[in-house]
Amino acid sequence: MTSIAHLINGETVSTNGRTAQVFNPSIGAAVREVELADRATMQLAIDAAKAAYPAWRNTPPAKRAQVMFRFKQLLEENKDKIVALISEEHGKTLEDAHGELLRGIENVEFACAAPELLKGEYSRNAGPAIDSWSDFQPLGVVAGITPFNFPAMVPLWMYPLAIVCGNCFILKPSERDPSSTLLIASLLLEAGLPRGVMNVVNGDKDAVDALIEAPEVKALSFVGSTPIAEYIYSEGTRRGKRVQALGGAKNHAVILPDADMDNTVNALMGAAYGSCGERCMAISVAVCVGDQVADTLIAKLTPKIKALKIGAGTSAGLDMGPLVTRAHCDKVRGYVDAGVAEGAELVVDGRGLSVAGNENGYFLGGCLFDRVTPQMSIYTDEIFGPVLVIVRVNSLEEAMQLINEHEYGNGTCIFTRDGEAARLFCDEIEVGMVGVNVPLPVPVSYHSFGGWKRSLFGDLHAYGPDGVRFYTKRKTITQRWPQRASHEAAQFAFPSNS
Ligand code: NAD
């Protein structure tokens with residue numbers, strides 16, 4: 001079985017230590033194994049990044065951006081190979097994997113603007129014959145820790161921008177589907193990046209803890225589940241590091257009686273069941289304002305959910321593939337069982353699904369629950385599977401209160417034709433990313449991505465303008481060149497312009 005090693009200082013490094021199996025969830029069998037780094041291996045990457053930093057820091061931003069231009073080109077040339085690897089190890093459909101890669105490439109395009117993004121600010125005559133400017137300087141060695149559900153896109157939220165800002169990077173990808181991540185990183189080296197500027201170290205908690213504890217690592221970007229996000233945020237900041245840690249979600253869609261129902265239903269189908277619900281922006285709760293909205297929605301959703309085309313992610317033309325691992329599939333099934341036990345009405349039950357020819361795959365059909373209450377675990381918890389729950393309320397205000405009281409605040413959306421209602425929703429809702437008739441309001445690369453409440457720990461969102469601020473520190477320089485003929489007396493009052 002092929003073993004996946006690390007990419008350190010421009011070379012493939014294998015340490016023959018612990019390994020984990022990497023599965024193809026469509027067939028339910030291990031296809032590769034991945035090395036799990038120990039602390040010594042992580043230290044090799046940290047040392048390589050540290051050694052590469054002085055020269056990379058002083059490389060002109062325009063030259064750094066040129067590497068990103070070549071990287072983008074290589075990503076496009078190798079698109080099919082990358083997409084096939086994502087789909088094989090994650091299980092998502094080829095079309096979905098393609099979409100993920102394209103959204104990742106948009107972050108590389110944003111990074112190509114580095115000279116503009118790093119220009120700084122300048123004030124002439126800030127005082128008498130004094131000029132002042134602010135500069136955005138890199139942090140040094142920075143690291144990223146990423147989840148299984150976007151093995152291409154989420155790492156691309158981080159390192160193109162970090163690197164183009166002048167930092168050296170260590171990526172610890174998900175050990176569940178590392179192959180596409182590693183292939184993409186190798187293309188960045190092929191694009192001409194100097195050795196040591198980008199390193200990929202595979203592993204689990206041991207590798208992550210080595211990054212948290214290393215004094216050389218100045219910043220950590222994390223995307224994954226909330227308990228781990230909170231752990232990394234508290235342990236990282238306790239050690240004086242800059243940390244942005246993006247966590248889990250429970251995203252609500254509010255449907256008002258005046259919504260265009262056919263468009264709403266189609267939007268919900270993609271947002272709830274696309275990628276088998278394994279998206280941090282997936283819609284998992286439909287909040288229906290009024291019984292008539294709920295009844296109409298259910299009548300229209302039910303046949304569509306039953307007709308979902310489900311099969312091996314690597315076959316073309318499907319709506320949904322399998323869940324990522326057997327353990328995760330069992331967990332999601334457990335939530336469906338719990339929903340039934342808690343008294344919710346299971347309108348569509350996907351538990352009986354069997355995919356011909358792929359009987360061992362980790363498949364679960366689309367599930368729909370009605371009459372869900374805020375106390376039920378299928379409402380409170382992030383299920384991360386193809387399960388949509390309907391909560392019935394009587395007013396927009398009640399819907400908003402429900403959302404605002406939930407512990408997560410990643411994404412949400414409202415379906416309506418009423419501009420006043422939509423504006424109120426955008427103003428008052430306590431969620432970081434809001435859609436109006438847009439079910440997956442994932443910001444484009446030149447905005448920034450982040451939730452509120454327990455969906456994000458830290459102050460700055462991922463990528464875009466916040467990403468530039470996260471990966472740089474501001475230095476403000478105040479400068480005067482004394483005129484030869486004049487001598488100033490000592491001033492003991494605090495200097496000011498008045
Ligand atoms: P996860 O938290 O299990 O793993 C994420 C990363 O943390 C992986 O690299 C993993 O190796 C590492 N890790 C796992 N356990 C650890 C531990 N005990 N100590 C240190 N590191 C550890 O998440 P996942 O299952 O890979 O991904 C799914 C989760 O990610 C969902 O909760 C989803 O909502 C979230 N997610 C959030 C966003 C966002 O932008 N907010 C985006 C994508 C995914």
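This is a short tour of one sheet, the helices on it, and a few aromatic contacts.

Hi everyone. Before we start, please keep in mind that we are looking at a predicted model.

Let's begin with the sheet. It is an open sheet of seven strands, with mixed pairing, and the strand order is 15-16-17-14-13-19-20. Which strands stand at the edges? They are strand 15, residues 345-348, and strand 20, residues 433-436. Each of them has a single partner strand, so one side of each has no neighbour in the sheet. If you look at how neighbouring strands sit against each other, they are turned by 20° on average, ignoring direction.

Let me pick out one pairing. Strand 16, residues 367-370, and strand 17, residues 387-393, run parallel and are joined by three bridges. In general, strands of a sheet pair through backbone hydrogen bonds, either parallel or antiparallel. Here you can find C367 opposite V387 of strand 17.

Now for the helices. Helix 12, residues 326-341, lies across strand 15, strand 16 and strand 17, and runs at about 25° to strand 16. Helix 15, residues 419-428, also packs on the sheet, where it touches strand 13, strand 19 and strand 20. The direction of helix 15 makes about 170° with that of strand 19.

Let's move on to the aromatic rings. The structure holds nine aromatic pairs. One of them is formed by Y233 and F457; this pair is tilted, with 6.2 Å centre to centre and 35° between the planes. Where in the chain do the two partners come from? Y233 belongs to helix 9, residues 226-238, and F457 to strand 22, residues 456-457, so the pair links distant parts of the chain, 224 residues apart. Are these two residues buried or exposed? Y233 counts as partly exposed, because its relative accessibility is 25%, while F457 is buried, with a relative accessible area of 12%.

Right here we also meet G458, in the loop between strand 22 and helix 16. G458 counts as partly exposed as well, at 22% relative accessibility. Which residues does G458 contact, leaving aside its neighbours within four places in sequence? They are Y233 and V243. From G458 to V243 is 6.2 Å in space, C-alpha to C-alpha, although they are 215 residues apart in sequence.

Two more ring features before I stop. F71, Y159 and F169 form one aromatic cluster. And R469 lies over the face of F136, at 4.1 Å from the ring centre.

Thanks for listening!

Definitions and conventions:
Residues are numbered from 1 along each chain as its sequence is written. This is a predicted model: local features need pLDDT of at least 70, side-chain atom pairs count only at pLDDT 80 or more; totals for chains, interfaces and linings use all residues. Side-chain values use heavy atoms; hydrogens and water are left out. Rings of Phe, Tyr and Trp (its six-membered ring) pair if their centres lie within 6.5 Å; planes under 30 degrees apart count as stacked, over 60 as edge-to-face and the rest as tilted. Helices (H or I, at least four residues) and strands (E, at least two) are DSSP runs, numbered from the N terminus. Buried means under 20% relative accessible area, exposed over 50%, partly exposed in between (1.4 Å probe, protein chains only). A charge sits over a ring if NZ of Lys or CZ of Arg is within 6 Å of the ring centre and within 35 degrees of the ring normal. Two strands pair if DSSP finds at least two bridges between them. Axes are lines fitted to C-alpha atoms, for helices over the stretch in contact, and angles run from 0 to 180 degrees between N-to-C directions. Contact means heavy atoms within 4.5 Å.
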